[in-house]
Amino acid sequence: MRRVAVPERPDWREKAEAGGFAFHTLDGEPYWDESGYWAFTLAEIEEALEAPTAELHAMCRELVGRVVGDERLLTRLAIPPVAWGAIAESWKRGDPSLYGRFDLAFDGSGTAKLLEYNADTPTALYETGAFQWLWLEDLRAGGALPESTDQFNSVHDKLIATLGRIGRGRLLHLTCLSDAPEDRGTVAYVEDCAVQAGLRTRFIDVGEIALREDGTFADRAGAIRLLFKLYPWEWMFADEYGPAVAGSGCRFLEPPWKAVLSNKGLLPLLWEMAPGHPNLLPAFFETDPRKAELGGSFAKKPLYSREGANVLLVRDSAVLDRDEGPYGAEGFVRQGLATLARGEGGHAVIGSWVVGDEPAGICIRESESPITANRSRFLPHVIEG
């Protein structure tokens, strides 16, 4: 595993905007960064990333089965009682998941360690599934990379196949807060994949969804039966319509049971279930006296947070880094510190995607800070032949 400097394509911005990747630059600073890439061997991909991703996914599903019927565990996760019925019913029905992203610490040595699981509303999807693959094709065609160079990336094809199995030609509504460019771009990409999978689609802003007298969700044209929502479950269950989810007759992507996994409380529960697992870091709820086992080096994370907000990193009892934000009211967890890959661009975190129930590819986020935040840059990767 190594970081390699490479010249940018002169026309990449035009290609990004033509593909709907309008958020490639944020407030004048690059989000997409192709001044370098991360190179892996095939063994690193297959053994250190792909196989652990499959195992972590299986462990997470096992954990959901334990949590959904246990009010004590649901309470530890700060999931409100109004959500418990919808979560349990969606799990018992076998409601399918479309996708999720494990964030892993791996520097080319040892084993990859789970930092967190973006199980409900992960972004960086178009950049992973489409734009970094186009980058690879351009560099191979131009001779900057050998023809034998590959990429761990079946995200696009697996999205289409999974949406086809789930949707079976039905109408798929898609929603998010449409004034958020990254969210809107991600939903537009999912919609494009759904159309390629043979589904009919309709985008609506979250604010356009109504609850009818019969308990169903609807837009102006009629009932919503299948909904892809880039809108977190903890927000939805806190909304006025939250209590109506279970009886709405609507199926969601992601399903309500994903609320168990889109929660940093997942980390200590996994550690309790599989203590010492090579791909886990020791983790405890902040209220658990066993957190003292971590000593003076740990990451403190809110149960609910996004883009690194309200994360605190402490090393040898001194603050290493911190990010402010609006989260933390529900509680925190403590997790052992991990060693991140380092390159000329700073710290790198690997996002490992699951689509359907299969590992599907990786993305790299890089920043000067060891906390991956909204402004962390996206770099492409290759498998060297």
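User: Hi! Which residues does T186 touch, not counting residues up to four places away in sequence?
Analyst: Happy to help. Bear in mind that this is a predicted model. In it, T186 touches Y99, P122, T123, L125 and L230, with residues up to four places away in sequence left out of the list.

User: Where is T186 found?
Analyst: T186 belongs to helix α7, which covers residues 181-196.

User: And is T186 buried or not, and why?
Analyst: T186 counts as buried because its relative accessibility is 1%, and buried means under 20%.

User: Let's switch to α6. How many residues does helix α6 have, and how far does the helix reach?
Analyst: Helix α6 has 13 residues, 155-167. From first C-alpha to last, α6 reaches 18 Å, close to the 18 Å expected at 1.5 Å a residue.

User: Which residues in α6 are buried?
Analyst: The buried ones in α6 are V155, L159, I160, T162, L163, I166 and G167.

User: What comes just after α6?
Analyst: That is R168, which takes a positive phi of about 50 degrees.

User: OK, strands now. Which way do the residues of β12 point?
Analyst: In strand β12 (residues 226-229), L226 and F228 point one way, while L227 and K229 point the other way. All of them are buried. As a rule, side chains in a regular strand alternate between the two faces of the sheet.

User: Which strands does β12 pair with?
Analyst: Strand β7 (residues 171-176) runs parallel to β12 and is joined to it by three bridges, with T175 opposite K229. Strand β13 (residues 251-253) also pairs with β12 in the parallel sense, over three bridges, and there L227 stands opposite F252.

User: What about the second largest pocket, which residues line it?
Analyst: The lining includes T175, L227 and K229, which we just met in the pairing of β12 with β7 and β13. The rest of the lining is V206, I209, F217, Y231, M236, D239, E240, Y241 and G242.

User: How do those lining residues divide, and what volume does the pocket have?
Analyst: The lining divides into seven nonpolar, two polar and three charged residues. The pocket's volume is about 200 Å³.

User: Last topic: how does β16 pair?
Analyst: β16 (residues 312-315) pairs with β15 (residues 298-302) in the antiparallel sense over three bridges. β16 also pairs antiparallel with β17 (residues 318-322), over four bridges. V314 in β16 stands opposite F298 and also opposite V319 in β17.

User: What lies between β16 and β17 in their hairpin?
Analyst: Two residues lie between the strands, and in this hairpin D316 takes a positive phi near 50 degrees.

Notes. Residues numbered from 1 in each chain as written. Predicted model: local features only at pLDDT ≥ 70, side-chain atom pairs only at ≥ 80, totals over all residues. Heavy atoms only, no water. 1 Å grid on protein atoms, 1.4 Å probe; cavity = no way out; pocket = protein on both sides within 12 Å on 5 of 7 lines; lining within 4 Å. Points joined across faces, edges and corners; volume = space filled by probe spheres on them. Nonpolar A, V, L, I, M, F, W, Y, C, P; charged D, E, K, R; others polar. Expected span 1.5 Å × (residues − 1). Buried < 20%, exposed > 50% of the residue type's maximum accessible area, 1.4 Å probe, protein only. Contact = heavy atoms within 4.5 Å. Pairing = 2+ DSSP bridges.
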